[in-house]
Amino acid sequence: MAKPKYTTHLGMVDILPDESPKWRALEQIIHEEARRFNFEEIRTPIMEQTELIVRGVGQLTDIVSKEIFAFEKGDSHYVLRPELTAPVVRAFVEHHMEQRGGSQKLYYIGPMFRAEKPQKGRQRQFHQFGVEVFGSDDAVADVECIAFMIRIYKRIGIQNFELLLNSVGDPESRENYKKALTDYLQPHYDRLSDLSKNRFEKNPMRILDSKEPEDQDIIKDAPVILDYLNEETEAHFEKVKAMLDTLGIQYTIDPHLVRGMDYYTRTAFELKSPDLGSQDALAGGGRYDLLVEDIGGPSTPAVGFAAGMERLMIACEELDIHLAEPKKVDVYFITLGEDARKWALKQLSAVRNEGLSATMDYMGRSMKAQMKDADRENASYTVIVGSNELEEGKFTLRNMKESEEEMLSLTDIINKLKKLA
Ligand code: HAM
């Protein structure tokens, strides 16, 4: 009988040992830059209450209406988190984090889940890093989020991107704009795509995001929200732009930029890369000044962004950027016979105690096979241990790159390697 064959679910990907060092390297960069920005890490559960995501992200959004993985157990409704803004807001409210004082500057790294049609740069389980800043109404907060985001890409060597910027207004500006937009779209309604017809009633601003060819001509001449901002929202947007100018961060105003979640107010932005193909958004974010209150917390302005880590990896591949060094081990003990194996097994920890990495053969292989294995493991040094060596207390230390050998005691070997580490 044929054995069953198991695979990952569609759009869910294993990160194998050859790949994981670059993930760790990227995570390390994010942690380091977050420390420099004085952002604190938050880790929340993978699953949230369905109701939170529906309320937070928006009932009519694609994410909630089509893409969430949801299930029930007993009386509870679970959803695999499709993003982290709503969960982080939940945590902020649940733990009264405003009581910690000042603005809360949080960052995260982790997996998200969306039941989208997989393609290059689009998975069903994918990873984001992101930032959420609570408590500041000031454009400084918006600009610090953008500066953090850009700094990560620049540090890695990804320079080829475009920052798109818009203001999606506050509720008052948006009501005025929605009216102007539907007045404009009404006479063109019959020519709109089915998707846009559907959005017309529910959320006409999302029509501006349509990729359907038949909508493009209509969208092109639509009124833009930037002409409908009230004084306060306009002033905030001007401040954001002025501060970006001060920092020398280039941007393109895109009045048609509407993001895929309902919570945004005022600033909205996206980072796009020409190196990514059709899924070209590296990262996106914006303000969501009403969400904390919507979720039951005190009125608290907030802003943040999230970046797709798989897309960042794809950009690295395109640009031939290597985030991690090839794997290596400092010392490989080559053992001949059972006594040598036992002795080496014990010495591994002496070497490891010095902060060096050490391994040995686990399979009882011949010396030639062990040498080959040390090469495959990219060992910097091998220590050859046989019965003679054990008797004399001196071992052959072989520098694998230089093909040089010397006879040394284990203490001398460790001292020598310590200096090189
Ligand atoms: P988002 O635009 O939905 O925003 O996602 C941010 C980034 O996650 C995207 O630009 C993209 O790089 C990546 N991404 C999204 N979906 C997928 C997918 N299926 N496969 C691979 N990568 C993907 C948010 O999630 C908001 N929570 C951002 C935010 C934070 N706004 C305010 N604070």
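Contact means heavy atoms within 4.5 Å. Residues are numbered from 1 along each chain as its sequence is written, and side-chain values use heavy atoms, without hydrogens and water. This is a predicted model: local features need pLDDT of at least 70, side-chain atom pairs count only at pLDDT 80 or more, and totals for chains, interfaces and linings use all residues.

**Exercise 1. Helix α4**

Task: State how many residues of helix α4 are buried, and name what covers them.

Solution.
- Step 1. Fix the elements. Helices (H or I, at least four residues) and strands (E, at least two) are DSSP runs, numbered from the N terminus. Helix α4 spans residues 85-94.
- Step 2. Fix the exposure classes. Buried means under 20% relative accessible area, exposed over 50%, partly exposed in between (1.4 Å probe, protein chains only).
- Step 3. Count. In α4, 9 of its 10 residues are buried. They are T85, A86, P87, V88, V89, R90, A91, F92 and V93.
- Step 4. Find the cover. It includes β2, α2 (50-57), β5 (104-113), β6 and α10 (291-294).
- Step 5. Look past the end of the helix. Just after α4, H96 takes a positive phi of about 50°.

**Exercise 2. The ligand shell**

Task: Describe the residues around the ligand and its polar contacts.

Solution.
- Step 1. Set the cut-off. A residue is near a molecule or strand if one of its heavy atoms lies within 4 Å of it. The ligand is surrounded by 27 residues. The closest are E83, T85, E116, E132 and Y264.
- Step 2. Assign strands. β6 (125-134), β10 (281-287) and β11 (302-308) each supply at least two residues of the shell. β10 gives the most, with 6 residues.
- Step 3. List polar contacts. A polar contact is a pair of N or O atoms within 3.5 Å; within protein, one must be able to donate a hydrogen and the other to accept it, and residues adjacent in sequence count only if both atoms are side-chain atoms. An N or O atom in the side chain of Y264 is 2.6 Å from a nitrogen atom of the ligand. For Y263, a polar side-chain atom lies 3.0 Å from a ligand nitrogen. G308 uses a backbone N or O atom, 3.2 Å from a ligand oxygen.
- Step 4. Check the cover. Taken alone, the ligand exposes 660 Å², and the protein buries 95% of that. Accessible areas come from the Shrake-Rupley method with a 1.4 Å probe; for residues, only the protein chains shown count as cover.

**Exercise 3. Salt bridges**

Task: Give the salt-bridge count, then work through three pairs and classify the exposure of each partner.

Solution.
- Step 1. Apply the rule. A salt bridge is a side-chain nitrogen of Lys or Arg within 4 Å of a carboxyl oxygen of Asp or Glu. The count comes to 40.
- Step 2. Take K211 and D209. Their closest N and O atoms are 3.6 Å apart. K211 counts as exposed because its relative accessibility is 65%. D209, at 24%, is partly exposed.
- Step 3. Take E238 and K241. Their closest N and O atoms are 3.1 Å apart. Both lie in helix α9, 3 residues apart, about one turn of the helix. An α-helix has 3.6 residues a turn, so residues three or four places apart point the same way. E238 is partly exposed at 37%. K241 is buried at 17%.
- Step 4. Take D361 and R365. The closest N and O atoms are 2.8 Å apart. D361 is buried, with a relative accessible area of 1%. R365 is partly exposed, at 28%.
- Step 5. Extend to the network. D361 and R365 belong to a network of salt bridges that also links K327, E338, R341, D373, R376 and E377.

**Exercise 4. Two single residues**

Task: Place K239 and N399, and list their contacts beyond four places in sequence.

Solution.
- Step 1. Start with K239. It is found in helix α9 (residues 231-247). Its relative accessible area is 40%, so K239 is partly exposed.
- Step 2. List its contacts. Leaving aside neighbours within four places in sequence, K239 touches D138 and A139.
- Step 3. Turn to N399. It lies in strand β15 (residues 395-399). N399 counts as buried, at 16% relative accessibility.
- Step 4. List its contacts. With the same neighbours left aside, N399 is in contact with S380, Y381 and E404. A polar atom of the N399 side chain also lies 3.1 Å from the backbone nitrogen of K401.
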